[in-house]
Amino acid sequence: MFKLELDRVTKRYPARGMHRGSILSVDQVSLQIHQNQSIALVGESGSGKTTIARLVTRLERPSSGLIRVNQQRLEDHSGLPRLVQMIFQDPFSSLNPHYPIGYSLERPAELLHRISRREAAARAAEALTLVGLTPAENYLDKHAHQLSGGQRQRVNIARALVARPQLIVADEPTSMLDVSVGLGILNLLLDLKERSEISYLFITHNLAAARYVSERIVVLYRGIVVEDGPSFDVINHPLHPYTQLLVESTPDAHKALPRITVPDAQEMVGASDAGCPFRARCPHRRAQCEEPVALQQREKREVRCVLYDH
Amino acid sequence: MPTPCLRVVGLSVDYPGSAGKVYHAVQNVSFTVHHGEIFGIAGESGCGKSSLAHAIVRLLKPSATVASGHVYLDDLDLMTLNEAMMRSVRWEKVAIVPQSAMNNLSPVLRIGAQIVDAIVAHESTSRNRALDRARELLRRVGLAPELVASYPHQLSGGMRQRAVIAMALALNPQLLVMDEPTTALDVVVQAGIMHQIKQVQREFGFSVLVITHDLPLLMQVADRVGIMYAGSFVEIVPSPVMLEHPRHPYSRALMQAFPPLLGPSRRAPSIEGTPPDLSIALKGCSFAARCPEAVAMCGVKAPVAMSPGQDQLVVCHRWEEPSRV
């Protein structure tokens, strides 16, 4: 059974420009992804979502903490690309413009699974069919520039699939696409999950899309997990004040425009201090918020807020 | 009937393509925006919504041409004005907040100076008095008046966006045009700004033409929404009517393309196919090829615009039939 675990993973980047020290992008994040599970990471820009995606795919190494995949340390894992694949946000820059689509799909299959060119070609055609680009022969010889954004994102998904991964990390896969096209991509991801044992780490700023694709939602704020629970519960009964604000602010044609009075977040500068990172904007702020708060267990959920610190 | 704030009549915008092709980005569009109304336009990339907005304020790219039509602001036909007259109308009567405007502030001037520049270009007033007004404008959009002394880089994205909205309101325009005003911002900041715009609009009574691809947001903000597809409106109705009873199949499909936040979670069908090539004249309905409810007539005969109610529009052969979806 596939399992990926993050155990108190922290990532710091050196600060650039006028700032000294380092920027804490991900702060002691722990989470688990099981086989055939879809987990959504939700948060605003700078909350550390993409950094977690890059840590899980080993594009970055953690500053501290441990990532394990199937009980093995991620950094020692020799076959990681056969287990974990990524779909990037920008379908216009994530395919090599020089090569035909067929090459972009066959090469990873050949290299990762040491199969013949003929077998790789068959696998590429199969993957294109799976993502709805049919008949596959019509696409194998095309170049990226001959495809629409939605088609390119389907090719990216096909490229991930030829590796036969257990986990696909999808970093805002629809944010650069039109809504109707984006919905087609989300439906494709759901179809693949129903037909196989694949798991997703789905990264989005859109709470409604998170619920659509994932059973579990993890809410990040400035690099820390503030809430984690089943999607339905997190959206219908948000516990953390930030999650409450996020739910209230998410556009919903059935609701009146909310009256949002919290101040805007200021740009993140330097490492954060020990207290709750949301306290400057929080309507429930109190003295204890200046101190670090532990994640509290509440049935199937976790929340990091002094309101629930009993 | 009182004179509407904005009346667009038969407006068409063309762009030249390669090999002598002409792309008809906006096709014979007519609609009105009443005084004190927030009118929203939704549609997907390439439907012509931005071209329509820019044609109204006459800020299209030089390659584009207004092939036909009139734009009346009260009784003034903007299409007949010379460039000097248009310059005085812009900002004073109609102001635009273009897409990603928050990144268009000058990095080397203080926020206050940039607002003052706009005011003194149009009015004979002193810079000091204009600066007082800039402070008041910032307060109006929910920013601290002291921020007149700040440079853009000292403000967050949301604060800069509020500042450009304050700038657009500097000369009390009767119409504010906003093209994707909150698209690059996170949802909490977006909701705050939208609420503020609505509050200021209710207080001062100007009209707003707001464009976004985010239909749920638009329905929260706008009194009336127009859905654009392939260069034209397919439906215009008050937001509550759109929510309860969208008549055009594309309106329904677009509404469904946004998964709901609350309520039961179920699969929504995506819209298959792609929009038509706007350089080719179509015989039938522009949506017919992708429409799940199309009948034979839809492919051969263009539907006529019908008005199911006052200030409403629907362009579909089957608009009177109850939805089969």
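Modeller: Ground rules: contact means heavy atoms within 4.5 Å, while helices (H or I, at least four residues) and strands (E, at least two) are DSSP runs, numbered from the N terminus. This is a predicted model, where local features need pLDDT of at least 70, side-chain atom pairs count only at pLDDT 80 or more, and totals for chains, interfaces and linings use all residues. Residues are numbered from 1 along each chain as its sequence is written, chains are lettered from A and ligands numbered from 1 in the order in which they are written, and side-chain values use heavy atoms, leaving out hydrogens and water.

Colleague: OK, α6(A). What makes you say that α6(A) is largely enclosed by the rest of the structure?

Modeller: Buried means under 20% relative accessible area (1.4 Å probe, protein chains only; exposed is over 50%, partly exposed in between). In α6(A), 12 of the 14 residues are buried, so the helix is largely enclosed. Among them are G149(A), R152(A), I157(A) and V162(A).

Colleague: And what covers the buried residues of α6(A)?

Modeller: The cover includes two strands of chain A, β6 (84-87) and β7 (167-171), plus the helices α3 (101-113), α4 (117-130) and α7 (179-195).

Colleague: How do you know that α6(A) has close to the expected reach?

Modeller: The expected span is 1.5 Å times one less than the number of residues. For residues 149-162 of chain A that gives 20 Å, and the first-to-last C-alpha reach is 20 Å, close to expectation. Just after α6(A), R164(A) takes a positive phi of about 55°.

Colleague: Why are those 134 residues called the largest nonpolar core?

Modeller: Because a nonpolar core is a set of buried Ala, Val, Leu, Ile, Met, Phe, Trp, Tyr and Cys residues joined through side-chain atoms within 4.5 Å. The largest has 134 residues, and I157(A) and I115(B) are among those touching the most other members. Not counting residues up to four places away in sequence, I115(B) touches A134(B), L137(B), L138(B), M167(B) and A170(B).

Colleague: On to the interface: what makes E194(A) and R267(B) a salt bridge?

Modeller: The rule wants a side-chain nitrogen of Lys or Arg within 4 Å of a carboxyl oxygen of Asp or Glu. This pair sits at 3.2 Å, N to O, and qualifies. Across the interface of chain B and chain A the rule finds 2 salt bridges.

Colleague: How many residues of chain B are in contact with chain A?

Modeller: 45 of them, against 37 residues of chain A. The largest share of that side of chain B, 10 residues, comes from α6(B).
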